[in-house]
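Biologist: Hey, could you walk me through this one? I'd like to get a feel for how it's put together.
Modeller: Sure, let me put it up and you can ask away.
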Amino acid sequence: MAHELVEAMVGMREKDALRIVDEMLERGDDPQTVLDLGQEAMQVVGDKFEEGSFFLPELMLSGEMLKKMAEIIKPRMAAQAEQREKLGTVVLGTVRGDIHDIGKDIVGFVLDINGFEVIDLGINVPEEAFVEAVREHKPQVLALSGFLSLAFDSMKSTIEQVRGAGLGEGLSVIIGGGQMDETVRQFTVADAYGEDAMAAVAYAKKTVGVN
Amino acid sequence: MAENGKSWADKTAEEKRDHRYASWLASPGTEFVSPEAKATYEAAVTRISDAYSLRQPDRVPVSMNMGWYPVNWAGYTSYEAMYDYSKAADAYLRFNRHFRADVMANPIFMTVPGKAYELLEYRLYDWPGHGTPEDAGFQYKDQEWMSIDEYDHLIEDPTDFFYSVYAPRIAGGYEGFRMLSTPFDLVEMPFGTLNMGPWGIPDVQASLEKLKAAADEVGAWAGGIFPAVGALQAEGFCQIWGGASKAPYDFIGDSLRGTRGMLMDLYRAPEKVLAACERLAPLMVRWTLRHATPDTIPGIFIPLHKGADGFMSVEQFQKFYWPSLRTVLMGLIEEGFTPFLYAEGRYASRLETIMDLPKGKTVWLFDQTDMERAKETIGQVACIQGNLPLSLAHAGTVDEVTAYVKNLIDVAGPGGGYVMDLGGVTDSAKQENIEAMINVTKEYGVY
């Protein structure tokens with residue numbers, strides 16, 4: 001039997017979830033325990049998304065709930081409380097010539113709530129900016145987003161330049177967006193393509209060796 | 001308009017439809033450049049009409065789902081096409097004459113006048129040289145333009161909400177409209193300071209100046225583009241769309257609430273979403289009818305966005321998305337139109353739901369939906385179109401395209417009710433791949 005907070009979050013009862021958080025903190029429960037329950041709920045939501053019973057509305061709303069919880073809880077956490085260690089780093093951006101941000105933002109959001117450090121370079125990101133960011137942040141995953149067919153070329157040249165700069169070692173490149181498929185993956189020479197946001201999470205987790 | 005003794009209003013949906021299709025075929029006002037051009041036009045319209053009506057045409061019609069490719073192919077940037085209308089016209093003239101699909105690649109739906117958008121300070125989109133590179137297209141900016149608290153205003157008085165709240169928010173050129181009274185105030189002796197006063201306020205005057213300048217620019221654009229469309233039609237290329245409309249859910253999600261807001265609203269304000277969709281549905285029909293005559297071309301373009309696979313569950317689709325969209329479709333069909341729905345992305349889990357439509361009255365262009373399944377489901381009641389992948393057009397070989405196109409004809413073609421097309425909106429491609437799609441269809445697609 002799951003905790004009532006997990007039940008509320010998985011049941012998409014936002015107001016109930018936030019009320020329960022308030023009550024738990026009010027009666028002196030450990031803030032970290034509350035956050036852990038939030039993460040537990042996210043795991044259930046992720047599983048339901050994988051199996052096809054949850055979709056973007058549930059993914060986004062549960063993420064919103066977790067974010068709100070963190071905002072309430074963080075000020076109450078003891079100063080010495082250690083920041084939960086991140087699973088890894090992902091550099092993310094929509095490639096040059098493309099300003100679509102919906103898919104990219106959703107991917108960044110779910111990576112973040114699933115424990116990754118996300119360096120979001122924004123939209124219409126030139127190749128050099130990706131090279132610089134990979135050099136600086138040494139991510140395990142470079143995630144390129146694009147919606148338009150012109151993004152195919154930008155993805156290809158971005159990957160070429162990142163690898164050409166000698167930064168390909170230990171770096172996995174994933175592409176995502178409306179028209180991505182195996183043909184585009186081969187064309188861009190990316191390591192993988194993702195069909196939805198959770199595919200990016202699964203891929204990033206696999207890359208850093210967690211499940 | 002009286003015909004056979006019956007006024008337009010008294011005609012049945014079927015009679016209106018017959019009139020529109022007959023008028024489309026006859027194309028009054030077009031002076032064809034040659035008897036061959038006329039024959040080509042009539043053959044294309046007949047072929048497409050047959051496919052739309054689920055009759056078997058002489059061969060599978062072929063169309064080109066085009067974004068900026070015609071402009072790029074002609075050697076221009078998208079910026080040039082949006083700011084120099086003669087270049088846009090030149091691009092589309094050459095493009096159509098070269099590729100010769102059955103359906104005209106139509107500049108009216110892509111090359112909007114950049115200068116007018118600038119004058120009005122439009123904020124919903126970025127466009128070449130104005131937020132996107134000069135060789136990229138215009139791109140929609142996903143954002144919350146209406147707060148969740150404003151649903152009530154939208155539902156109670158959509159026109160007032162649009163004029164006094166929404167327009168000034170999304171376009172700086174409409175800033176002064178915040179201060180105007182509404183046409184509803186024109187009762188009895190209305191011309192006093194309350195109603196007329198605001199028209200003299202500097203902000204309102206400034207908006208009027210901008211609207212006037214934008215209108216002139218749109219006129220210049222039309223002067224550059226429309227003659228090219230007319231010339232192409234005279235050469236035998238046919239247009240398929242007489243207007244556009246939207247799914248109410250997308251209208252709210254795309255333009256008002258933004259993707260994120262809309263997704264949350266399904267849980268935070270489900271009743272408001274439903275009420276707003278219901279309120280807007282008849283207005284989506286009227287939006288099309290306002291610009292239509294009995295001779296308007298039957299196809300009505302409806303791009304579908306936020307109801308695709310992944311955006312919501314089947315249950316949510318059936319509750320929030322489909323009912324009001326169906327109302328719009330039925331309203332258009334009632335007026336003799338043929339809604340042309342572009343199901344971008346994947347629509348696999350929606351195919352059974354959307355079958356609840358009268359037979360042969362809609363067209364569905366699919367992007368990444370399996371066409372064999374589409375044929376077995378929605379294809380039984382509607383013409384289906386698509387779906388050569390954009391990735392193949394861009395990165396594939398002629399052999400791969402040929403094999404894909406032949407397979408499409410094999411699985412979706414039998415019995416008619418199918419139009420060959422690209423699945424995604426094409427900004428870039430290999431010329432030989434587009435040629436292959438068209439030529440293979442013309443040869444292999446013969447019934």
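Biologist: Which residues does Ile384(B) touch, not counting those up to four places away in sequence?
Modeller: One thing up front: this is a predicted model. In it, Ile384(B) touches Trp364(B), Phe366(B), Met371(B), Ala374(B), Lys375(B), Ile378(B), Gly379(B), Ala412(B), Gly417(B) and Tyr418(B).
Biologist: OK, and which residues touch the most other members of the largest nonpolar core?
Modeller: Ile384(B) and Val405(B) do, in a core of 194 residues. Helix α13 of chain B, residues 314-334, gives the most to this core, with 9 residues.
Biologist: And where does this core lie relative to domain 1 and domain 2 of chain A?
Modeller: It lies between them, because domain 1 (4-76) and domain 2 (88-208) of chain A both give residues to this core.
Biologist: Let's stay with those domains. How many residues does the contact take from each one?
Modeller: Chain A is divided into domain 1 (4-76) and domain 2 (88-208), and their centres, taken over C-alpha atoms, are 28 Å apart. The contact takes 7 residues from domain 1 of chain A and 5 residues from domain 2 of chain A.
Biologist: Which helices supply the domain 1 side?
Modeller: α3 (31-51) and α4 (56-73) of chain A each supply at least two residues of the side of domain 1 that touches domain 2. α3(A) gives the most to that side, with 4 residues. By class, the domain 1 side has 4 nonpolar, 2 polar and 1 charged residues.
Biologist: Switching topic: how many residues does the contact between the chains take from chain A and from chain B?
Modeller: 25 residues from chain A and 32 residues from chain B. On the chain A side, α4, α7 (150-164) and α8 (182-188) each supply at least two residues. The largest share of that side, 5 residues, comes from α4(A).
Biologist: What's the make-up of that chain A side by class?
Modeller: The side of chain A that touches chain B has 13 nonpolar, 7 polar and 5 charged residues.
Biologist: Now chain B as a whole. What does its secondary structure come to?
Modeller: Chain B has 17 helices and 11 strands. Its radius of gyration is 23 Å, close to the 22 Å that the globule rule gives for 447 residues, so chain B is as compact as a globular protein of that length. Along its principal axes, the C-alpha trace of chain B spans about 70 × 55 × 50 Å.
Biologist: What percentage of chain B is buried?
Modeller: Buried residues make up 49% of the 447 residues in chain B. Also, take the contacts in chain B between residues at least 6 apart in sequence: 73% of them join residues at least 24 apart.
Biologist: I've got my eye on Arg169(B). Where is Arg169(B) found?
Modeller: Arg169(B) sits in helix α8 of chain B, residues 158-170. It counts as partly exposed because it has 15 C-beta neighbours inside 10 Å. Arg169(B) is 46 residues from Arg123(B) in sequence, and the two are 8.1 Å apart in space, C-alpha to C-alpha.
Biologist: Last one: what are the scores for the model, and what's the mean pLDDT of chain B?
Modeller: The model scores ipTM 0.90 and pTM 0.93. For chain B the mean pLDDT is 95, and 99% of its residues reach 70 or more. As a general habit, where pLDDT is low, the predicted coordinates should not be read in detail.

Terms used:
Residues numbered from 1 in each chain as written. Chains lettered and ligands numbered in written order. Predicted model: local features only at pLDDT ≥ 70, side-chain atom pairs only at ≥ 80, totals over all residues. Core = buried A, V, L, I, M, F, W, Y, C linked by C-beta atoms within 7 Å. Buried ≥ 20, exposed ≤ 12 C-beta atoms within 10 Å, placed from the backbone. Domains from an automatic or database assignment. Contact = placed C-beta atoms within 7 Å. Rg over C-alpha atoms; globule rule 2.2 N^0.38 Å. Nonpolar A, V, L, I, M, F, W, Y, C, P; charged D, E, K, R; others polar. pLDDT = per-residue confidence, 0-100.
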